[in-house]
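Morning, everyone. I'll keep this short. Please have a look at the structure first, and then I'll walk you through it.

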Amino acid sequence: MASREATARLREVGNELRRIREAANMTEQDLADRIGCSVSKVSRVETGLRGIGEVMAAVYLTHCNASREDMERILSLVRETDGEYRLQAHGQLLPEQLRSLMVHEGTARSITSYEPIVLPGLLQIEDYIRELFRWGKQVPEKEIENFIEVRCARQTLLNRRRPLKFTFYIHEHALRSVVGSAELMYRQVVHVLSVANRAHCDIRVIPASAGPFGAFGGAFRIMRYAQYEPVVYIHTPSASVFLDEPEHVAANQKIVGRLAEVALSAEESREWLAELASEYYRAEVGGDDPPGDEGPHVA
């Protein structure tokens, strides 16, 4: 049963403490015996159902032989209030500062996202990512490959043995905005189409006829969990926002409901993506569709 005690911040703190304990090959009982508390207390802290003070967190981490880097980062999380955590200013987003997002993505049961301007990060191929960073000029050239590596590492969510459910709403504007070249966009759209053919991934295109890409607001994602309340994640150039209050979740869920009404169905979206891929191919090489087919395969 979901608990309002388990805020997004407490869940990340608990997840990180559990990761450190497991890396030390310690059971909950082992740790409870060492720090002199009950197993249930360790369990509730690690599931975010109970807060932990800075001193106890330091004791916890010391007994688990945490590195100085882990110690400093987790204690910083412990010191934050929920309000401070919800708005994470980051300026130029460094890869390690994606850790909070990766924790919440990795523990989710389902993720629903909307992207009106560019393709979702979980669907981007390496060359598309590289061109976005080069065009934006917010990341030094020498750091781009590191950013690409981190973003691609997040994409392992799509390939887990027991994958979560994904629903991607993507505005036509994002798919028709050429990043790099028509040839790159052909490969990118073919990749999106291949993901759309997976049973746990629904990709639904919002056609331009449904309204301008700004009509439904900016990009966001809703992450849902088996035991906790949902979290809404919004990213801006200068800050990441995690919202777990019911009114914020409900407002974004209302937008999802509207998107579901105007979007192409999953099957229609696959057909639309196949035709778009063929358009990009023809724009790049001229002439016919890709050889050996009338267009990318649609399952």
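I'll go from the whole chain to the cores, then to one pair of strands, one helix residue and the cavities.

One thing up front: this is a predicted model. Keep that in mind throughout.

Start with the whole chain. How many helices and strands does the protein chain have? There are 13 helices and 7 strands. The chain runs to 299 residues, and buried residues make up 47% of them. Now think about contacts. Take those between residues at least 6 apart in sequence. Of these, 75% join residues at least 24 apart.

Next, the inside. The largest nonpolar core holds 46 residues. Which residues have the most contacts inside it? They are Phe 166, Ile 203 and Leu 273. Several elements each supply at least two residues of this core. The helices are H8 (126-136), H10 (172-176), H11 (182-196) and H13 (266-285). The strands are S3, S4 and S6 (231-235). Helix H11 gives the largest share, 8 residues.

Let's zoom in on Leu 273. Leave out residues up to four places away in sequence. Leu 273 then touches Leu 175, Val 189, Val 192, Leu 193, Ile 203 and Val 205. Find those on your screen. Notice that Ile 203 is back again: Ile 203 and Leu 273 are both among the residues with the most contacts in the core.

There is another core, apart from that one. This other core has 20 residues, among them Val 13, Ile 35, Ala 57 and Leu 77.

Now the strands. Strand S3 covers residues 165-171. S3 and S4 pair in the parallel sense, over 6 bridges. Want one bridge to look for? Thr 167 has Asp 202 as its bridge partner in S4. Is S4 mostly covered or mostly open? Strand S4 spans residues 201-206, and 5 of its 6 residues are buried, so it counts as mostly covered.

Over to a single residue, Ala 32. Ala 32 sits in helix H2, residues 28-35. Why do we call Ala 32 buried? Because its relative accessible area is 1%, and the cut-off for buried is under 20%. What does Ala 32 touch, beyond residues up to four places away in sequence? The list is Cys 37, Ser 38, Val 39 and Val 42. Then there is Tyr 60. Ala 32 and Tyr 60 are 28 residues apart in sequence. In space, C-alpha to C-alpha, they are 9.2 Å apart.

Last stop: the cavities. The structure holds 3 cavities of 30 Å³ or more. I'll show you two.

The largest cavity has a volume of about 50 Å³. Its lining is Ile 111, Ser 113, Glu 115, Pro 120, Gly 121, Leu 122, Phe 168 and Arg 221. Strand S2, residues 110-115, gives the most to that lining, with 3 residues. By type, the lining divides into 4 nonpolar, 2 polar and 2 charged residues.

The second largest cavity has a volume of about 40 Å³. Ile 35, Cys 37, Lys 41, Val 42, Val 45, Ile 52, Met 56 and Tyr 60 line it. Helix H3 (39-46) and helix H4 (54-63) each supply at least two of these lining residues. H3 has the largest share, with 3. This lining divides into 7 nonpolar, no polar and 1 charged. Two names should ring a bell: Cys 37 and Val 42 are also touched by Ala 32.

That's my tour. Over to you.

Note on methods: Residues are numbered from 1 along each chain as its sequence is written. This is a predicted model: local features need pLDDT of at least 70, side-chain atom pairs count only at pLDDT 80 or more; totals for chains, interfaces and linings use all residues. Side-chain values use heavy atoms; hydrogens and water are left out. Buried means under 20% relative accessible area, exposed over 50%, partly exposed in between (1.4 Å probe, protein chains only). Helices (H or I, at least four residues) and strands (E, at least two) are DSSP runs, numbered from the N terminus. Two strands pair if DSSP finds at least two bridges between them. Contact means heavy atoms within 4.5 Å. A nonpolar core is a set of buried Ala, Val, Leu, Ile, Met, Phe, Trp, Tyr and Cys residues joined through side-chain atoms within 4.5 Å. On a 1 Å grid over the protein atoms alone, a cavity is a set of points where a 1.4 Å probe fits but cannot get out, and a pocket is an open set with protein on both sides within 12 Å along at least five of seven lines; lining residues have an atom within 4 Å of a point. Grid points are joined across faces, edges and corners, and a volume is the space filled by probe spheres set on the points. Ala, Val, Leu, Ile, Met, Phe, Trp, Tyr, Cys and Pro count as nonpolar, Asp, Glu, Lys and Arg as charged, and the others, Gly among them, as polar.
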